[in-house]
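Trainee: Could you take me through one part of this model up close? I would like to follow a single residue and its surroundings, and then look at the enclosed spaces.

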Amino acid sequence: MRLDKFLSNNGFGSRKEVKLLIKKKRVSINGSFNVKSDDYINPLEDKIIVDNIEVNYQKDYYFLLNKPKGYISATEDNFQKTVLDLLPDYSYLNLFPVGRLDKDTTGVLLITTDGQLAHRLLSPKYHVEKIYIATVDKPLKKSLIEEFKKGIIMDGDLTLPAGLEIIDEFTARVILHQGKYHQVKRTFEHFGYKVLVLHREKFSFLTINGLKEGEFRSLSEEEINKLKKL
């Protein structure tokens with residue numbers, strides 16, 4: 001990771017402000033003040049000091065990604081692009097996506113190093129809400145609203161009640177409180193529909209918040225604490 005990006009991510013100001021700190025010889029790497037903004041560092045190994053204060057390595061990282069089509073929700077793959085390819089500056093971290101969005105599904109995806117939180121958020125015990133916008137291949141029947149509430153047998157179990165809001169003839173909002181494999185698509189298929197487009201607009205309280213497809217941002221301290229209290 002570039003030095004200026006590392007310092008900016010750790011609260012030392014904008015890239016421009018960080019460059020000024022470096023120019024004034026207020027930043028050192030492993031004891032040397034002969035550093036440049038575009039020097040590459042390994043935050044796990046290099047000792048970075050600003051104004052005689054060591055910049056501590058952050059234990060866990062939390063990112064909100066607006067996942068685009070064409071990327072699989074995995075940590076690595078020999079043949080396909082993964083969502084982690086969209087965060088190249090953080091390749092030194094053991095990041096992973098919380099749950100999975102299909103390759104052709106877009107929208108909110110939480111990426112973190114915090115395994116304990118991820119396990120909690122994905123556990124059916126906590127019923128974390130996930131909201132999707134689905135476009136299907138034929139007109140939606142109003143009777144589906146009640147059918148989604150009843151649940152269907154999937155992988156040998158009855159799914160939890162799901163919410164369905166019909167937006168227009170071919171588009172619906174689906175509210176889930178669990179995350180079975182391909183659950184939205186498989187539920188619609190059960191009733192004879194094919195999902196053509198699927199977008200996750202919300203994961204608990206997290207939304208895209210103006211992020212373009214492929215863009216990501218760090219979660220705020222407030223958001224992280226809120227997730228941990230779910």
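Mentor: Happy to! Leaving aside residues up to four places away in sequence, Asn-66 touches Gly-107, His-199, Ile-208, Leu-211, Lys-212, Glu-213, Gly-214 and Glu-215. Please keep in mind that this is a predicted model. Asn-66 itself sits in strand E4, which covers residues 62–67. Its relative accessible area is 5%, and because buried means under 20%, Asn-66 counts as buried.

One of the contacts of Asn-66, His-199, belongs to strand E12, residues 195–203. That strand leads us on to the enclosed spaces. Strand E12 gives four residues to the lining of the second largest cavity, the most of any contributor. The full lining of that cavity consists of Asp-104, Thr-105, Lys-185, Val-195, Leu-196, Val-197 and Leu-198. Sorted by class, this lining has four nonpolar residues, two charged ones and one polar one. The space inside the second largest cavity comes to about 30 Å³.

How many cavities of 30 Å³ or more are there? The count is two. As a general point, rolling a probe the size of a water molecule over the atoms is what shows where empty space is left. The largest cavity holds about 40 Å³ of space. Helix H4 (144–150) and helix H5 (183–190) are the elements that give two or more residues to its lining. Residue by residue, the largest cavity is lined by Glu-147, Phe-148, Gly-151, Thr-159, Ala-162, Leu-176, Gln-183 and Thr-187. Here the classes divide into four polar, three nonpolar and one charged.

To finish, let us turn to a sheet from the earlier part of the chain. It is an open sheet of three strands in the order E1-E2-E3, and the pairing is antiparallel. Strand E1 (27–29) and strand E3 (53–54) are the edge strands, each pairing on one side only. Strand E2, residues 48–50, is joined to E3 by two bridges, and the two strands run antiparallel. If you want to find this pairing in the structure, start at Val-50, whose bridge partner in E3 is Ile-53.

Key. Residues numbered from 1 in each chain as written. Predicted model: local features only at pLDDT ≥ 70, side-chain atom pairs only at ≥ 80, totals over all residues. Heavy atoms only, no water. Pairing = 2+ DSSP bridges. Buried < 20%, exposed > 50% of the residue type's maximum accessible area, 1.4 Å probe, protein only. Contact = heavy atoms within 4.5 Å. 1 Å grid on protein atoms, 1.4 Å probe; cavity = no way out; pocket = protein on both sides within 12 Å on 5 of 7 lines; lining within 4 Å. Points joined across faces, edges and corners; volume = space filled by probe spheres on them. Nonpolar A, V, L, I, M, F, W, Y, C, P; charged D, E, K, R; others polar.
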